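Let's take a walk through this structure together, one stop at a time. Have a look at it first, and then we'll start with a term that will come up again and again.

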Amino acid sequence: MVHLIWVLIIGAVIGIIAGVLTSRKMPLGWIGNILAGLIGSWLGEKLLGSWGPHVAGMAIFPSIIGAIILVAIVSFFIGTQKRE
């Protein structure tokens, strides 16, 4: 149970970092950030492999890159707002 909470927290942080780097807001607020972090982590590790430091079973650098790709795709199709 503690591992699941840790994964959700790290997923949210990765999603927030991706949103800040792309200057875009994810829809659904915190839930959107968690989903962007978790799906982006999966996407990044599938595309780039599992290198760099790992936290909660996620490779940080590929996860952030994957989340950036995901946020860019979502903001293109949904048209999310830029951060102010």
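A residue is called buried when its relative accessible area is under 20%, exposed when that value is over 50%, and partly exposed in between. Keep in mind, too, that what you're looking at is a predicted model.

Let's try the term out on Phe61. You'll find Phe61 in helix α3. Its relative accessible area is 44%, and because that value falls between the two cut-offs of 20% and 50%, Phe61 is partly exposed. Ile65 also has its place in helix α3. With a relative accessible area of 36%, Ile65 is partly exposed as well. If you want to get a feel for where Ile65 sits, look for Ser23: the two are 42 residues apart in sequence, and their C-alpha atoms are 14 Å apart in space.

Phe61 and Ile65 have something else in common, as both belong to a nonpolar patch on the surface. The other members are Leu47, Leu48, Trp51, Ile69, Ile73, Phe76, Phe77 and Ile78, and the whole patch has about 1,100 Å² of accessible area. Two elements, α2 (30-48) and α3 (60-78), each give two or more residues to this patch. Which of them gives the most? That's α3, with seven residues.

Not everything in α3 faces outward, though. Ser63 lies in this helix too, and its relative accessibility is 0%. Because 0% is under the 20% cut-off, Ser63 counts as buried. Leaving aside neighbours within four places in sequence, Ser63 is in contact with Ile14, Gly40, Ser41, Glu45 and Met58. Another landmark for Ser63 is Gly11: the two are 52 residues apart along the chain, while their C-alpha atoms are separated by 8.9 Å.

One of those contacts, Ser41, takes us into helix α2. Is Ser41 buried or exposed? It's buried, with a relative accessible area of 4%. Setting aside neighbours within four places in sequence again, Ser41 is in contact with Ala36, Met58 and Ser63. So Met58 turns up in the contacts of Ser63 and also in those of Ser41.

Now for the way the helices pack. Two packed helices are described by the angle between their axes and the distance between the axes. Here, helix α1 (residues 2-22) and α2 pack at an angle of about 95°, and their axes are 6 Å apart. Angles from 65 to 115 degrees count as roughly perpendicular, which is why α1 is described as roughly perpendicular to α2. On the α1 side, the contact is made by Val7, Leu8, Gly11, Ala12, Ile14, Gly15 and Ile16. On the α2 side, the residues are Trp30, Asn33, Ile34, Ala36, Gly37 and Leu38.

Asn33 deserves a closer look. This residue lies in helix α2, and it's buried, with a relative accessible area of 9%. Beyond its neighbours within four places in sequence, Asn33 is in contact with Gly11, Ala12, Gly15, Ile16 and Met26.

Elsewhere in α1, you can pick out Ile5. At 43% relative accessibility, Ile5 counts as partly exposed. The C-alpha atoms of Ile5 and Ala18, 13 residues apart along the chain, are separated by 20 Å.

Between α1 and α2 there's a loop, and Gly29 lies in it. Gly29 counts as partly exposed, at 36% relative accessibility. Gly29 and Leu43 are 14 residues apart in sequence and 21 Å apart in space, C-alpha to C-alpha.

Our last stop is another loop, the one between β1 (54-55) and β2 (58-59), where you'll find Ala56. Most residues other than glycine have a negative phi. Ala56 isn't a glycine, yet it has a positive phi of about 55°. What does its 15% relative accessibility make Ala56, buried or exposed? Because 15% is under the 20% cut-off, Ala56 counts as buried.

Conventions:
Residues numbered from 1 in each chain as written. Predicted model: local features only at pLDDT ≥ 70, side-chain atom pairs only at ≥ 80, totals over all residues. Heavy atoms only, no water. Patch = residues over 30% accessible without salt bridge, like charges linked within 9 Å, V, L, I, M, F, W, Y side chains within 5 Å. Areas by Shrake-Rupley, 256 points an atom, 1.4 Å probe, with all protein chains shown as cover. Salt bridge = Lys/Arg side-chain N within 4 Å of Asp/Glu carboxyl O. Helix = DSSP H or I, 4+ residues; strand = E, 2+ residues; numbered from the N terminus. Buried < 20%, exposed > 50% of the residue type's maximum accessible area, 1.4 Å probe, protein only. Axes fitted to C-alpha atoms, helices over the stretch in contact; angles between N-to-C directions. Parallel < 35°, antiparallel > 145°, perpendicular 65-115°, else oblique. Contact = heavy atoms within 4.5 Å.
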